[in-house]
Amino acid sequence: MAEFQLYCFAQSGNAYRAALMLNLIGADWEPIWVDFFAGGATRKPEYREEINEMGEVPVLVHGKKKLTQSGVILTYLADLSGKFQPRGEDEKLEALRWIIFDNQKLNGFLGVFRFLKNFAAKSGDPAVMAFLKARIDASLAILNKRLTGRSFVVAERPTIADISLTAYLYYPPEEFGFDMPKEHPAIGAWMERMRALPGWKHPYDLMPGYPFGTQGYRNR
Ligand SMILES: N[C@@H](CCC(=O)N[C@@H](CS)C(=O)NCC(=O)O)C(=O)O
């Protein structure tokens, strides 16, 4: 059995943050596939009782420790490995600031937008999609400005804030209907720097369940 287990599935950018971190630090880890789509696994009472009361992936298991929320998992793995750590109080607070912004306003909205566009039984209401797209565009512009003239988000080296921000960005543009790296060149250049890190893998190559068994993408 590997040292770490990660509950995840290939289409989850939230889980990708944790999977990518494990790979980048060279951890001995294995994925545990969660049947989110066909099986609705995260909504089952046994998942909430035994795995995560919040009904979400990612969940990281390390011996007797079980952690959820990608920001918590990233912090734990950075402290444990000494890699991608923000250094000193200012960098730590700055990393947390970007992780919270990302969870709420960038990848938080991107995940919902992509779900409604591709996976939900009924396509997202146009007014809801337009609302989300406007929020996403505003957050992408903020990140693009931050990355203009700098290599990484918090420091001149990648930290867990950068890893958090990758969540949904590498999924194919057709799953969103817009091309984030093309439309936001500083984000595109930063994505290439992240892609060049040893151990980087695309979410569909890193986590199980793509293309998924019984359902397929609604819009393909
Ligand atoms: N802020 C959380 C978000 C986790 C999250 O929303 N995960 C989704 C999958 S991408 C989930 O498990 N949703 C289950 C559900 O809504 O039933 C994190 O970063 O870990």
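These entries record what I looked up about the ligand site and the backbone of this structure.

**Entry 1. Model.** I note at the outset that the model is predicted.

**Entry 2. Ligand shell.** I listed the residues around the ligand and found 15 of them. The closest are Ser 12, Val 57, Gln 69, Ser 70 and Asn 103. I then sorted the shell by residue class: five of its residues are nonpolar, seven are polar and three are charged.

**Entry 3. Polar contacts of the ligand.** I looked for side-chain N or O atoms that lie within 3.5 Å of a ligand oxygen. For Arg 17, the distance from such a side-chain atom to an oxygen atom of the ligand is 3.0 Å. For Thr 42, the corresponding distance is 3.2 Å. For Asn 14, I recorded 3.4 Å between a side-chain N or O atom and a ligand oxygen. I also looked up the covered area: on its own the ligand has 520 Å² of accessible area, and the protein covers 79% of it.

**Entry 4. Pocket.** Where does the ligand sit? I found it in the largest pocket. The space in this pocket is about 580 Å³. Its lining has 25 residues, and those closest to the pocket centre are Ser 12, Asn 14, Glu 56, Val 57 and Tyr 168. Two elements, α1 (13-24) and α4 (88-118), each give two or more residues to the lining. Which element gives the largest share? I noted α4, with seven residues. By class, the lining comprises nine nonpolar, 11 polar and five charged residues.

**Entry 5. Residues seen in both lists.** Ser 12 and Val 57 are among the residues closest to the ligand, and both are also among the lining residues closest to the pocket centre. Asn 14 is likewise among those closest to the centre, and its side chain has the 3.4 Å approach to a ligand oxygen.

**Entry 6. Backbone.** I next checked the backbone for exceptions to a general pattern. Most peptide bonds are trans, and most residues other than glycine have a negative phi. Val 57 is joined to Pro 58 by a cis peptide bond, with omega about 0°. Pro 58 belongs to the loop between α2 (45-50) and β3 (59-62). A cis peptide bond also joins Tyr 210 and Pro 211, where omega is about -10°. Pro 211 lies in the segment after α9 (203-206). Gln 69 is not a glycine, yet its phi is positive, at about 75°. I located Gln 69 in the loop between β4 (65-68) and α3 (70-81). Gln 69 is also one of the residues closest to the ligand.

Methods:
Residues are numbered from 1 along each chain as its sequence is written. This is a predicted model: local features need pLDDT of at least 70, side-chain atom pairs count only at pLDDT 80 or more; totals for chains, interfaces and linings use all residues. Side-chain values use heavy atoms; hydrogens and water are left out. A residue is near a molecule or strand if one of its heavy atoms lies within 4 Å of it. A polar contact is a pair of N or O atoms within 3.5 Å; within protein, one must be able to donate a hydrogen and the other to accept it, and residues adjacent in sequence count only if both atoms are side-chain atoms. Accessible areas come from the Shrake-Rupley method with a 1.4 Å probe; for residues, only the protein chains shown count as cover. On a 1 Å grid over the protein atoms alone, a cavity is a set of points where a 1.4 Å probe fits but cannot get out, and a pocket is an open set with protein on both sides within 12 Å along at least five of seven lines; lining residues have an atom within 4 Å of a point. A molecule sits in a cavity or pocket if more than half of its atoms lie within 2 Å of its grid points. Ala, Val, Leu, Ile, Met, Phe, Trp, Tyr, Cys and Pro count as nonpolar, Asp, Glu, Lys and Arg as charged, and the others, Gly among them, as polar. Grid points are joined across faces, edges and corners, and a volume is the space filled by probe spheres set on the points. Helices (H or I, at least four residues) and strands (E, at least two) are DSSP runs, numbered from the N terminus.
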